[in-house]
Amino acid sequence: MAVCVAVIGKDNSPLYIGGVGNDTNTDNELSRQWLVHTALDALEERLATTNTNTANSASNASRTDLRDLYLGLLYSTDTHKIYGYVTNTRIKLVLVTSSTSPSGSNIRDAEVRTALRRLHALYADAICNPFHLPGEQITSSKFDRQVKNLLLNNV
Amino acid sequence: MATQPSDSTEFPPEIILKPLALIGLSGLDTINNAVHKAIWDAFSNNRRADRASVRFKLLNNTFEFPVVKPKRNSYEWYIPKGILKKNWIHKRVNLIPAVVVIFYDMEWNDPQWNEKIIECASRVQSIRAAVEGHATRVAVVVVQSGLSPPPSEYMLGAERAQALCAACEIQSKSLFVLPHSDHLMGYIIRLENAFYDIAQNYYHHETKNIKQHRDHLNKTTHQYLFVRHQYKLGYLNELKQDLSTAHKHYMHAYSNLLETRTVDTNMHEIRTVAGYINYKLCKLLFALNLPRDAIAQLKSHIERYKSRVGPTELLFEHYAWIARQYSAFGELFDEAIRAGLPGIQSQHPGFYYQQAAQFTTMRRQAMRSVCCDAMQYPPPPDPLEGTVEFYGQRPWRPGRLSADPHYPQKEQAAILALQYSERMFNHSGMIVSFLGSAISQFKTFHSPRMRKQLVVEMANEYYYCNDFGKALTLLSHMLWDYRREKWWFLASHVLNRALQCAYLAAKIQDYIQLSVEALSKHIQVPNNDKERIFRNIMSVLNLTIPAPEPELPASSQSKALELWQLAVEKEPFVIAIDMVNISSFLEVKSKFKQQIYRMDEVVEVEVYVRLSYVTSLEVKKLFLTISSKTETIEIPISDNGNTLISLVGGKVKKFICQFKTNPNDSGTDLYIKNVSIVLDSDRKRKIVMNFKVEDTKIVETAVHPELLHFILSPKADYEFDCIVPCTTTSITARECRLSLDVSNACPALQGEWFPTSFTVVNNEESQVNDMLITVSLVSTLDNQNPDSVTDLSWKPGQSQGQPLKISAGTVNKNSTYSNKFYLKSNRTTNITVEIKIVYIIDLPEMPKLECVKEFTTKVIVIKPFEVTTQFVGMNFKPISKCFVNDDFVVMPQIKILSPWDLLIVDTELDVAACFDYGDSKPSSCVSNLEVAEKNVASDAVCVRAKYKPKDPPTRVGLYNITWRRSNFQGHSVRSTTALSGIPVDDCPISLQVNYPEIIELQTSVPLKCTLFGNTNTPIRLCLTLEGTDAYMFSGYKRLMVTVPPHDKVDLCYNIQPLVTGNTTPPRLKATVLGEAANQEVVKEMFDKKFPQNIFVMPKYNK
């Protein structure tokens, strides 16, 4: 099952990091943040390679449109699997599943893709709020609730 | 290879070394014999990778081969005592050569051949005796001088070689000849490859031997031997360099080992051997370029042995073993990458080093849980003493296979000894070393953030082993990165740990800086106790020891207190903090009130300070650093005259700072460099917080202040967020009150010295001094380099260097200064002239102030006239070409364009080289002529061509016109124009016709025609006189004439007009006889010369 999701801004600053369960334990939160933060390495590497590919092709614009936002499995450790998703505005969505629990290790790629797409939609809804400041952390409790719901029910 | 931290789990060198076939060289006396020395060096030195994988060993006479164990015929009663013998590899790679090569000096035609052959044979025999029992091969190398023997002895060599083989009882293919004269290296390499072949053969033979044993074994008692034999086969194949077969055998060994029953007593041995075999397997897979298989092998290996923990008391050994598996694999991987294997971001050695570090951490945890009782080393006898024959066996129970401990007490003591050594082991050092390797790998493979995390872990390790200084250095670097990416949670974590380090190391500078940052709203501190941190800052200011950070190890606290005692009243007393790079509880914005200040204005700077932490802060001093081109000054800021400034938490305070500009700064920019806030408690210690303003840094506001306050509950003060810092201002000169009046008669004419007069009026309140006037030309778009075509001067007719300068001295209030300058342009263009006036004025508030005023004026330059040319013959009919020695008239036409009346003083024509004047140099027809706009003045000059130039002449000559404006006397201008050219042609004859212009009717007049020969050959002409109705004539109607060279022929006719008016007289036509080439020219000449028209007057009867 999914352990946590994160929304990361285009300048790589965290906008939202949410985990399942209401553990506010610092160590837990810390390891979660380390995981998401180090996933940025792989994300950036992916983006850099896709960029050079698109730059080479003449039909740059159409390629960007066709680019799949879902980047798939970024990397896996002994305990976790980390999936990435990048919106067209370079907002990065990261989903971490636990590979130790049976539901987490058997998760299908399509399921992760759906979950990240729904997270994208939730994010878009959240920043449509006129009182939200673009570039600031997402503090909306509704968004938090929806994301937790998504984690529990879908993935 | 990266040096790995050593402990008991380290792999023995023989496992790590690449197996090379061993070849013994005997009979070489390297000390006394130079040739032997050279041969040995050629074998052993500079072994590059492309040479055969063999190792040479020099065998001296005393070398002893290991004794051969008696062959076992049956394994029935044999119970192996362990899996792998420790000395087996050593024997294989160091002691038992595959081949022994005997070197012997001998020429085929040696006189004492018989003695030699016997000696050689005996040497071979003695070696044979020494290797008795081993299957080691023997080869003989005959060292010869290499001089080719006489042809008669070719056969002798073959015969004697055969005889030698027979005597030594060796095969002929084991006999080699080494000539040592030339190309030694080439021979050596060939020998080496031959030896290598023999060695491979030997190892192949050995493997066969071992395979034979297999049939005697059974699974119940000989499980160890299955492993051992397969391992040996693998190793021998490796020596043979047959890597894939070696891998196959190692794989069998590995799986046989897996089938072995494991109990606590043999656990250590089994996993040690499993580790070695796995190492070999991975190494071979990398060598076979199968990195994925290698990774898979390691994964399954770890997976299989992860659960085989062994005795709980020695749990740490298990983790140490796993850590070693990972680190050794990391090393192999790293080596493979260095040999050319590409690594990727998701799969590189760094991960394995990281795992090694993690398992070492677990090893330490295990040590903490199981070794707490091991307070001291057990009393002697030392249970760990003693040697073991097999890898991984315990010295206190060597070779024992039974599962139950034999001597429980001895076992207890041994475990205690191991636990005690583990307690003493420096785990942190090992973890740091693994992390260090991992960090460099992650750096190589583009994982900066992973690297940062590992660096933080490394810093934690340093913290655990009380090396706070190092930890602090690492953490402060990492803090920077997390802060920049705004991962505040991680930054807080790093900062809190760094703060602990700074406290424990009593580093005041870092401690204060970290504390200041900890008060930032972004940073979370343990227990949310920011008040304590603030108090600590104040304690340091007051030279007292701050309160300790929470969660410090108790053991370090007393040490820290001692350090603080020493540090608290010592240097550095001034702690400077660069506030721009850190997030803190103070924010400063500064701006110039205006973008531009004039010299006589007072510059005002607004400084806003926001204290975001809820407290009140007494600031001892606040100052602003302003820099200009010439100097950098510090300006203290006061709070309405009160130097002690108190700030209130959550509020913004505004300060205004005023200063006068430096007179030298006129025309330059001022920058706010720094705002410093000084905290001071009158106890020597000061904290200086510097808010530096970067020149290049663009102030980026991610969120627009308007947006920030659009939301319902604004997060911060609107005013502060809306302030846009303005850190640069320009200082301009004071406004100048002089006026300038320029008068001239524009447009100027090209080439003339054009006068412009100007008048400066002083409208200032007082007199001005040291007035300096500079006149210069300004480069404009349509006139990029004005000074190259335009001259400036104070006097007409004399060019002076640009810019023109004149000192006008003192000009009184309301008085004027006038002057006149001249300019001359050789091109029609627009000229922009700048008149710059610099002067010094004494103002009451600012003495000796320099002021500058610039004026510009534009001058248009036009052409005074235009010259065109006409060419006419002597009869004033236009001509298009002229003949040599034939006069014609050049008529320059001067068309006046100038709006001003001009006086043409004189004109002259300088003819080109191929022309000459028709008369002596003529005087001008238009001299002293006054002309107005649109008039045309025509001149006429008679000119003749002297010869026909090679190319048609481009110009007849230069036409010089001397002129000036008619309304002022003075300097006249000489303009020169080139007149266009006219083609010159050659004619073999020239012609002169004399005839009257006017004749009376019916009066007979002569028409005389003279023909001149211009060539060196006579020219024959046929002449015909073409009569007309208007005339009668007498003379030959048709005749042949020969014009002699450079001489003439006269022809005389009498003509008598019959009608009045304009008549066409009879004309001569000529045809050149012989040469047709000149026909056209001659015809043209006659046409031109004979009159078209003669006026006939009526005759009046008297």
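## Chain A at a glance

Accessible area here comes from the Shrake-Rupley method with a 1.4 Å probe. With that idea in hand, let's start with chain A, keeping in mind that this is a predicted model. Chain A exposes about 7500 Å², and carbon and sulfur atoms supply 50% of that area.

What is chain A built from? Its secondary structure comes to five helices and five strands. If you follow the sequence along, these elements appear in the pattern β-β-α-α-β-β-β-α-α-α. Chain A has 155 residues, and buried ones make up 48% of them. You can also ask how its contacts are spread along the sequence. Take the contacts in chain A between residues at least 6 apart in sequence: 57% of them join residues at least 24 apart.

## Three strands in chain B

Now turn to chain B and find strand 3, which covers residues 99-105. This strand is mostly covered, with six of its seven residues buried.

Which strands pair with strand 3 of chain B? One of them is strand 1 of chain B (residues 21-26), which runs parallel to strand 3 and is joined to it by four bridges. Here you can spot B:Leu25 standing opposite B:Val101 of strand 3. Another is strand 4 of chain B (residues 137-144), also parallel to strand 3, with seven bridges between the two. In this pairing, B:Val99 has B:Arg137 of strand 4 as its bridge partner. To get from strand 3 to strand 4, the chain passes through helix 4 of chain B (residues 113-130), making a right-handed β-α-β crossover.

## A histidine in a helix

Next, look for B:His301 in helix 10 of chain B, which spans residues 291-306. Is B:His301 buried or exposed? B:His301 has a relative accessible area of 0%, so it counts as buried.

Leaving aside residues up to four places away in sequence, B:His301 touches B:Tyr254, B:Ala274, B:Gly275, B:Asn278, B:Trp321 and B:Gln325. Try selecting these residues in the structure to view the surroundings of B:His301.

## A nonpolar patch on the surface

Our last stop is on the surface. B:Ile998, B:Phe1095 and B:Met1097 make a nonpolar patch there of about 270 Å².

B:Ile998 belongs to strand 39 of chain B, made of residues 998-1000. Why does B:Ile998 count as exposed? The reason is that its relative accessibility is 53%, and exposed means over 50%. So B:Ile998 is exposed at 53%, whereas B:His301 is buried at 0%.

Methods. Residues are numbered from 1 along each chain as its sequence is written. Chains are lettered from A and ligands numbered from 1 in the order in which they are written. This is a predicted model: local features need pLDDT of at least 70, side-chain atom pairs count only at pLDDT 80 or more; totals for chains, interfaces and linings use all residues. Side-chain values use heavy atoms; hydrogens and water are left out. Patches are made of residues with over 30% relative accessible area and no salt bridge: like charges are joined within 9 Å, nonpolar side chains (Val, Leu, Ile, Met, Phe, Trp, Tyr) within 5 Å. A salt bridge is a side-chain nitrogen of Lys or Arg within 4 Å of a carboxyl oxygen of Asp or Glu. Buried means under 20% relative accessible area, exposed over 50%, partly exposed in between (1.4 Å probe, protein chains only). Contact means heavy atoms within 4.5 Å. Two strands pair if DSSP finds at least two bridges between them. A crossover is right-handed if, with the strands pointing away from the viewer, the path from the first strand over the helix to the second runs clockwise.
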